[in-house]
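Have the model open in your viewer? Let's walk through it together, starting with side-chain charges and working on to the helices, the loops and a bit of the surface.

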Amino acid sequence: MDRMLENPEAAPIEIYNLGTGNGVSVLELINTFESATGVKVPYKIVGRRPGDIEKVWGNPSHANEVLGWVADTPLADTMRSAWAWQCRLRERGIM
């Protein structure tokens, strides 16, 4: 917000990839979530669908340079935090 308010000549919309720049497989994400939360995720390993992208991830260098922000939270901590947030929403009847 400070960046937008302090720089009136900046573009009205700026787009940034936020992340580490390191890809994570779906299975790695599932395993990390299960390990971090103790919650079992039901899944099936099946064949690739036509058109599925083999690998994709964002390059955060623009955000790192312009915003001076670098993602440094470990994946397990992110999964634990996301699950705690989801649980709070459920407790409040929101989700």
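Is Asp77 buried, partly exposed or exposed? With a relative accessible area of 35%, Asp77 is partly exposed. Keep in mind as you read on that this is a predicted model.

**Salt bridges**

Asp77 has a partner: Arg80, with 2.7 Å between the closest N and O atoms of this salt bridge. Arg80 is partly exposed too, at 39% relative accessibility. Both residues sit in helix H4 (residues 75-91), and because they are three residues apart there, about one helical turn separates them.

How many salt bridges does the structure hold? The count is three. Here they are side by side:

| Salt bridge | Closest N to O |
|---|---|
| Glu34 and Lys40 | 3.6 Å |
| Arg49 and Asp52 | 3.2 Å |
| Arg80 and Asp77 | 2.7 Å |

Take the Glu34 and Lys40 pair, whose side chains meet in a salt bridge. Glu34 counts as buried, with 15% relative accessibility, whereas Lys40 is exposed at 62% relative accessible area. So this bridge links a buried residue to an exposed one.

In the bridge between Arg49 and Asp52, Arg49 is exposed, with a relative accessible area of 59%. Asp52 is partly exposed, and its relative accessible area is 30%.

**Helix H2**

Glu34 also turns up when you look along H2. Which residues of H2 are buried? They are Ile30, Thr32, Phe33, Glu34 and Ala36. Part of the cover over the buried residues of H2 comes from H4.

The length of H2 works out nicely as well. Its 12 residues should span 16 Å at 1.5 Å a residue, and the C-alpha atoms at its ends are indeed 16 Å apart, so the two values agree. Just past H2 you come to Gly38, which takes a positive phi of about 80°.

**Helix H4**

Now for H4, the helix with the Arg80 and Asp77 bridge. Do the same sum here: 17 residues at 1.5 Å a residue should span 24 Å, and the end C-alpha atoms of H4 are 24 Å apart, so again there is agreement.

Which residues of H4 are buried? Look for Met79, Gln86 and Leu89. Why do they lie on the same side of H4? Because the arc they cover around the axis is only 85°. What do the buried residues of H4 pack against? Their packing partner is helix H2 (26-37).

H4 has a glycine after it, too: Gly93 follows the helix with a positive phi, near 75°.

**Loops**

Between H2 and H3 runs a loop in which you'll find Lys55 as well as Trp57. Lys55 is exposed, at 61% relative accessibility. Its C-alpha atom is 7.7 Å from that of Gly23, although their positions lie 32 residues apart along the chain.

What does Trp57 touch, once you leave aside neighbours within four places in sequence? Trp57 is in contact with Gly21, Asn22 and Gly23. Gly23 thus comes up twice, as a contact of Trp57 and as the residue whose C-alpha atom is 7.7 Å from that of Lys55. You can also check Trp57 against Leu18: they are 39 residues apart along the chain, and their C-alpha atoms are separated by 10 Å.

Move on to the loop between H3 and H4 and you'll find Asp72. Asp72 is exposed, with a relative accessible area of 65%. In sequence, Asp72 and Gly19 are 53 residues apart; in space, their C-alpha atoms are 8.4 Å apart.

**A nonpolar patch**

Leu18 has one more part to play. Which residues join Leu18 in a nonpolar patch on the surface? The others are Val66, Leu67 and Trp69, and together the four have about 360 Å² of accessible area. Val66 belongs to helix H3 (residues 61-67). At 32% relative accessible area, Val66 is partly exposed.

Note on methods. Residues are numbered from 1 along each chain as its sequence is written. This is a predicted model: local features need pLDDT of at least 70, side-chain atom pairs count only at pLDDT 80 or more; totals for chains, interfaces and linings use all residues. Side-chain values use heavy atoms; hydrogens and water are left out. Buried means under 20% relative accessible area, exposed over 50%, partly exposed in between (1.4 Å probe, protein chains only). Helices (H or I, at least four residues) and strands (E, at least two) are DSSP runs, numbered from the N terminus. Patches are made of residues with over 30% relative accessible area and no salt bridge: like charges are joined within 9 Å, nonpolar side chains (Val, Leu, Ile, Met, Phe, Trp, Tyr) within 5 Å. Accessible areas come from the Shrake-Rupley method with a 1.4 Å probe; for residues, only the protein chains shown count as cover. The expected span of a helix is 1.5 Å times one less than its number of residues. The arc is that of the directions from the helix axis to the C-beta atoms. Contact means heavy atoms within 4.5 Å.
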